[in-house]
Amino acid sequence: MSDMYRDLILEHHRYPHNYGTLDPHDVSQEEHNPLCGDRIRLDLRIADGKIAAVAFSGKGCAVSQAAASMLTDELIGMDLDAARAYSKDDVLELIGLPLDKNPVRLKCALLSLKAMKVGLYRYLGQQLDTDELD
Amino acid sequence: MHTPPFDIAAVRRDFPILQLPIERPVAFLDSASSSQKPEAVIAAQAAFYRTTNANVHRGVYQLSEQATYEFERARGRVAFFINANSAREVIFTRNTTEAINLVAQSWGGSNLHPGDVILLSQMEHHSNIVPWQLLAQRTGASLRAIPIDSAGRLVLDDIDTLLQGVKLVAITHQSNVLGTINPVQYLATKAHAVGALILVDGAQSVPHMPTDVQALGIDFLAFSGHKMLAPTGVGVLWGRKALLDAMPPFLGGGSMIKTVTIEVSTYADVPARFEAGTPMIGEAIALGHAIDYLEAIGMANVAAYEESLGHYLLDQLAEVSGVTVYGPPIGPDRAAMASFTVDCAHPHDVAQVLDSEGVAVRAGHHCTQPLHAALDIPSTARASCYLYNTTQDIDRLVAGLRKVTTLFA
């Protein structure tokens, strides 16, 4: 628990970065966690093969909100190829939470990643294997 | 006031998991999800596999005879526990969900027609909604829900209107979120007055209060073993004999037949007709022992103690600022559980912080999305009590909640 709610997580939860929506946007994807009903919407604006702007909105637990906040910071300016390849392990390393044996909270942490990848793959007209995100 | 009418220390010693040092002993407040098991139940299941293991209703050898005897003894214990007319009215299922699906497919499939209505309530568990939706899609029947008021009670002012065209009322006896205990007896009278049947979801009520299916005047009762000290994998459908006798099979296979040719089969009498394949023998026997355990304490004593625990739980939660509790105030129609939200923290975070304090509660929508939609909240945390809980468990919950409000304020 001390790890789960260290200051960085609580800080991002209280004051999330990139919170809101983008208008216009190239990608807007909403994902929800059927276990708790939480929803996250993630918007992307794309230019020159990079993510030019990103925003997220929705309600959720500290873990899902902090993960979305940190992920969106990371995504700004990222090549689409790199965003496409961004993985579950990347998110876990980014947020620094040991959730390997915590399958329920893992879904919270990965909700924003799932929204980003589902939306981006659709934008690119590619097929996403969501197994690693479920 | 919170002194139980039985030896609580002895009861707690009966549950091995309550003795485990999970950093400190767990304050287990999630029995509404699944209860803990006493040593007597664990030992009974193990003893079956060690000394009696064989298939039932098949062999003429001694082990199979004894397994059959014990399996059927368990059926008799269940019948006695809910005051059924006969053990033949007791069908073993995997759980409450399967019991409800059995009625939906078997009774519903042969009795519902386009235009018929199934009356549920806004506070049902998904297991008492989805099977009826599937049935409605198949038969052309439709669903209607009794609304709830702001206290979390059924709104029954317009029950006569709600019952128009209804063929079946499917209602929970006790809400798994609000803790509301519904007036099932009244609804049974009302349903029968319009020629409808009533199925009661007893998953939350049967473990916690005396159950008398004849006094309730209901037609079907579904409940799970694992919420009443028994293992997972065994549940019960009780139904009136005349109704069960007229119902077609649910699953096909061994045990549920009289004769089989390649073209056609004739079916066994109830309850065998609804128990296709090898059943959950060890689990059913263990359920019989769980009932022995509960009967030895007395369900009236369990209910009386839980009422005092519920009182304490709601009183204590009311003292924590920022905590909102859902469901009726403490009283005869309120069970010893509380679903709540904390102003500053999401239910997942609440449950996680409580876990770090050794307090086990559930967080989520508790398989009641329509209810949470009506309450206009995505999810709640839920603390639920059983006979082995104490006021100390609740004190630890409250201390944990104060940590939550400090951390997230």
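**Close-ups of a predicted two-chain model**

**View 1. Chain A from end to end.** Start at the N terminus of chain A and the elements read α-β-β-β-α-α-α-α. That comes to 5 helices and 3 strands for the chain. The model is predicted, and what follows is computed from its atoms. Chain A has a radius of gyration of 14 Å, close to the 14 Å that the globule rule gives for 134 residues, so the chain is as compact as a globular protein of that length. Lay the C-alpha trace along its principal axes and it spans about 40 × 30 × 25 Å. Of the 134 residues, 39% count as buried. As for who touches whom, take the contacts between residues at least 6 apart in sequence: 61% of them join residues at least 24 apart.

**View 2. Val104(A) and a partner from elsewhere in the chain.** Here we zoom in on helix H5 of chain A, residues 103-124, which is where Val104(A) sits. Val104(A) has 15 C-beta neighbours inside 10 Å, so it counts as partly exposed. Look across to Leu35(A): the two residues are 69 apart along the chain, yet their C-alpha atoms are separated by 8.2 Å.

**View 3. The big nonpolar core.** Now for the largest nonpolar core, which has 127 residues. Val169(B), Ile198(B), Leu199(B) and Ala290(B) are the ones with the most contacts inside it. Helix H10 of chain B, residues 281-297, gives this core its largest share, 9 residues. Both domains of chain B chip in, with at least three residues each from domain 1 (8-30 + 299-408) and domain 2 (43-296). A second, separate core has 31 residues, including Val27(A), Ile40(A), Ala68(A) and Leu75(A).

**View 4. Leu199(B) and its neighbours.** Pick out Leu199(B), one of the residues with the most contacts inside the largest core. Leaving aside residues up to four places away in sequence, Leu199(B) touches Ile100(B), Val103(B), Leu168(B), Ala170(B), Asp219(B), Phe220(B) and Ala222(B).

**View 5. A four-stranded open sheet in chain B.** The 4 strands of this open sheet come in the order E13-E14-E17-E16, with antiparallel pairing. At the edges are strand E13 (323-326) and strand E16 (362-364) of chain B, each pairing on one side only. From one strand to the next, the twist averages 30 degrees. Helix H11 of chain B, residues 299-318, packs on the sheet and touches E13, E14 and strand E17 (380-384). The direction of H11 makes about 15 degrees with that of E14(B).

**View 6. Where E13 meets E14.** Closer in on the same topic, 4 bridges join E13(B) to strand E14 of chain B, residues 337-342, and the two run antiparallel. Follow the pair along and you find Val325(B) standing opposite Phe340(B) in E14(B).

**View 7. The two domains of chain B, face to face.** Chain B is divided into domain 1 (8-30 + 299-408) and domain 2 (43-296). Taken over C-alpha atoms, their centres are 28 Å apart. Each side brings its own set of residues to the contact: 22 residues from domain 1 and 22 residues from domain 2. On the side of domain 1 that touches domain 2, the elements giving two or more residues are H11, E14, helix H13 (369-375) and E17 of chain B. The largest share of that side, 5 residues, comes from H11(B), the helix that also packs on the sheet in View 5.

Note on methods:
Residues numbered from 1 in each chain as written. Chains lettered and ligands numbered in written order. Predicted model: local features only at pLDDT ≥ 70, side-chain atom pairs only at ≥ 80, totals over all residues. Core = buried A, V, L, I, M, F, W, Y, C linked by C-beta atoms within 7 Å. Buried ≥ 20, exposed ≤ 12 C-beta atoms within 10 Å, placed from the backbone. Domains from an automatic or database assignment. Contact = placed C-beta atoms within 7 Å. Pairing = 2+ DSSP bridges. Axes fitted to C-alpha atoms, helices over the stretch in contact; angles between N-to-C directions. Rg over C-alpha atoms; globule rule 2.2 N^0.38 Å.
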